[in-house]
Amino acid sequence: MTSRRLLRAVVRVGLRRWSATVLLASVTLMIMAAMVYAQDVGDVHQGKLVYEQYCALCHGEKGDGNGPYGKDTTPTPRDFRQGTFKWRSTPSGSLPTDADLEEVLVKGLFGTSMSSFATSLSHDQRIAVIAYLKTFSPRFASEKPEAPITMSQEPLYTPESAARGEVVYKKMNCAQCHGDEAQGDGESADDLSDDWGNPIVPYDLTEGHIKGGNNGADIYRVFIAGLNGTPMPSFADSISPAEAWDLVHFIQSLSPDYPKYVTEADLRHSLLQKTSTGFTCR
Amino acid sequence: MTIPMKYHRKILSASLISAAFLLAQPVLAEYTVEAVANGGTIEGVVKLSAAAPQIAPIEVTKNQDYCGQSIRNPVYEVGKGGGLQNVEVYLKDITKGKALITDTISLVNEHCMFHPRVQGANVGQLIKISSNDPMLHSTHTQNASTNATIYNVALPFKGFSVTKPLPAIPELIKVKCDAHSWMHAWIWELDNPYFATTGDDGHFTIKDVPPGTYTLVAWHEAAGENPASVTVTVIAGKTVTADIQLTAAKTH
């Protein structure tokens, strides 16, 4: 039946003009809602199954981070209900993009109980579980992630760039939390807490593994985007791109393994080896 | 398929209704700007119902060489006559009146404290955040009810400043400095310009209010009901006094 005939039929049964208008409005609404839904890449129902099998033990069935295995982990599993995520390409305070969330699923988070799902889940399963975990926070329905931060091409690492980075480390007062020797023992280190009130410590940058990734771009992103929900603020307004790259090189130079982790391929290889056993939840 | 002309208007109005449904935010009172020719004034003093609780000074645990050993705790600032400072007073659910405020508000980090501690603002205003201290501060803004981070800006050195927008939706914003855990400030971001923060004598004035009956709300970080409110009737060209009493400890 064409919409013209439908309208005629509606008018024939004697509905008032405004009723027909409201009916047409409802149909338009449904069509628009269907268009919005069709833009969702992942299948929420499939995502729920994946979530309950792989994620709920730590992150909890309600996405509150209170799964039975989550209590003993340090850091505690992410509570998804606030839409607050540390590892993002988007500016401070913004929701993450789907790609950011998938990156965490692929890479895992080094040094935490969050392992890599690069091999144990397919891309479709990851996209589905992302669509499902976004239902835990109302923010994803009412807000859009801001545009990802931009970065210039990384200059070559040189001993000079790392040395300049040490000057930037002092200028930006990173030592207030991360300490003079960058060992995570700065003056403000001992009573920091996250958005949930859990104690949190600044990273010991001399350990050699940066949780969000050891690539220059991964480290650069942390300075500019900050880590939502934690005391790590955004330096987007206070650091220049050249200073930020120098600081990246200084931090990389602190790693005992440097320059082992300079390429993404190296990093992937190392992470995949480490997590090829799939799902673990210590 | 061609749709006959006579249905065009119907389809247009149906689309507009649909669009209105989709754009509707969860029941926020719309505020419409219109000229207020002979508005009234609301003024009053906010006081505590009993003496302010004794609060220990802030024990400074970081950067003592600059911040000192302790800082006077500014939670209950009671002036001469018993007026309470840093109370945000605002009209709730007012739907029309004078233009929104568009200046840039300011939040200064100085001597290891935020200044001012409490202020009001309108949606759409900008905030200039600056530091006069030779150390790292952060201005970590959160939605006071959900704790969700709005943004967390580093102020790494003395003289640094940045101007940023306030959130698009009105809310009570809680501000903290993670590096100095005693530093707190509050920004009441509202959808109407009828607000005031009490001064050091506890006094407030709200001007150019269209005649009518309103709910006047008073919020303090540690005192009163959460929030306390009184009903006020404004008469054209007149000043109405609305003194408010808050209990000394917050009740929820």
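**Exercise 1. An edge strand and its sheet**

Task: Find which residue stands opposite E88(B) in β16(B).

Solution.
- In this predicted model, residues are numbered from 1 along each chain as its sequence is written, chains are lettered from A and ligands numbered from 1 in written order.
- The strand β16(B) holds T197(B), which stands opposite E88(B).
- Strand β5 (residues 88–92) of chain B is joined to β16(B) by three bridges. The two run antiparallel. (Strands are DSSP runs of E, at least two residues, and helices of H or I, at least four, numbered from the N terminus; strands pair if DSSP finds at least two bridges between them.)
- Now widen the view. In chain B, four strands form an open sheet in the order β16-β5-β18-β19. The pairing is antiparallel.
- β16 (195–197) and β19 (228–234) of chain B stand at the edges. Each has a single partner strand, so one side of each is left without a neighbour in the sheet.
- On average, neighbouring strands of this sheet are turned by 25 degrees against each other, direction ignored.

**Exercise 2. One strand, several partners**

Task: Trace which strands pair with β2(B), starting from β17(B).

Solution.
- Strand β2 (residues 40–48) of chain B shares five bridges with strand β17 (residues 203–209) of chain B. This pair runs antiparallel.
- Within β17(B), T205(B) is opposite E43(B).
- Next comes strand β20 (residues 239–241) of chain B, which pairs with β2(B) in the parallel sense over three bridges. Here E43(B) stands opposite T241(B).
- Strand β21 (residues 244–246) of chain B also runs parallel to β2(B), joined by three bridges. L48(B) has L246(B) as its bridge partner in β21(B).

**Exercise 3. A mixed sheet**

Task: Give the strand order of the open sheet of five strands in chain B.

Solution.
- The order is β9-β15-β14-β11-β12, and the pairing is mixed.
- The edges are β9 (118–122) and β12 (149–155) of chain B. Each has a single partner strand, so one side of each is left without a neighbour in the sheet.
- From one strand to the next, the twist averages 20 degrees.
- Inside the sheet, strand β11 (residues 137–143) and strand β14 (residues 172–176) of chain B pair in the antiparallel sense over four bridges. Look at Q142(B): K174(B) in β14(B) stands opposite.

**Exercise 4. Chain B by numbers**

Task: State how many helices and strands chain B has.

Solution.
- Chain B has two helices and 21 strands.
- Of its 252 residues, 48% are buried. (Buried is under 20% relative accessible area, exposed over 50%, partly exposed in between, with a 1.4 Å probe and protein chains only.)
- Take contacts in chain B between residues at least 6 apart in sequence: 68% join residues at least 24 apart. (Contact means heavy atoms within 4.5 Å.)

**Exercise 5. Into the core**

Task: Work out whether L247(A) is buried or exposed.

Solution.
- L247(A) has a relative accessible area of 3%, so it is buried. It sits in helix α11 of chain A.
- Its C-alpha atom is separated by 6.5 Å from that of Y169(A), 78 residues apart along the chain.
- Residues up to four places away in sequence aside, L247(A) touches G165(A), V168(A), Y169(A), C174(A), F223(A) and I239(A).
- On the same basis, I239(A) is in contact with V168(A), M172(A), I224(A), A244(A) and L247(A).
- The largest nonpolar core has 57 residues. (A nonpolar core is a set of buried Ala, Val, Leu, Ile, Met, Phe, Trp, Tyr and Cys joined through side-chain atoms within 4.5 Å.) Y169(A), F223(A), I239(A), L247(A), I251(A), I127(B) and W182(B) touch the most other members.
- Helix α11 (residues 241–254) of chain A gives the most to this core, six residues.
- A second, separate core has 26 residues, including Y31(B) and L91(B).

**Exercise 6. Helices of chain A**

Task: Count how many residues of helix α10(A) are buried.

Solution.
- Nine of the ten residues of helix α10 (residues 216–225) of chain A are buried, so this helix is largely enclosed by the rest of the structure.
- Among them are D218(A), R221(A) and F223(A).
- Just after α10(A), G226(A) takes a positive phi of about 70 degrees.

Such local features need pLDDT of at least 70, side-chain atom pairs 80 or more, while totals for chains, interfaces and linings use all residues; side-chain values use heavy atoms, leaving out hydrogens and water.

Terms used:
Axes fitted to C-alpha atoms, helices over the stretch in contact; angles between N-to-C directions.
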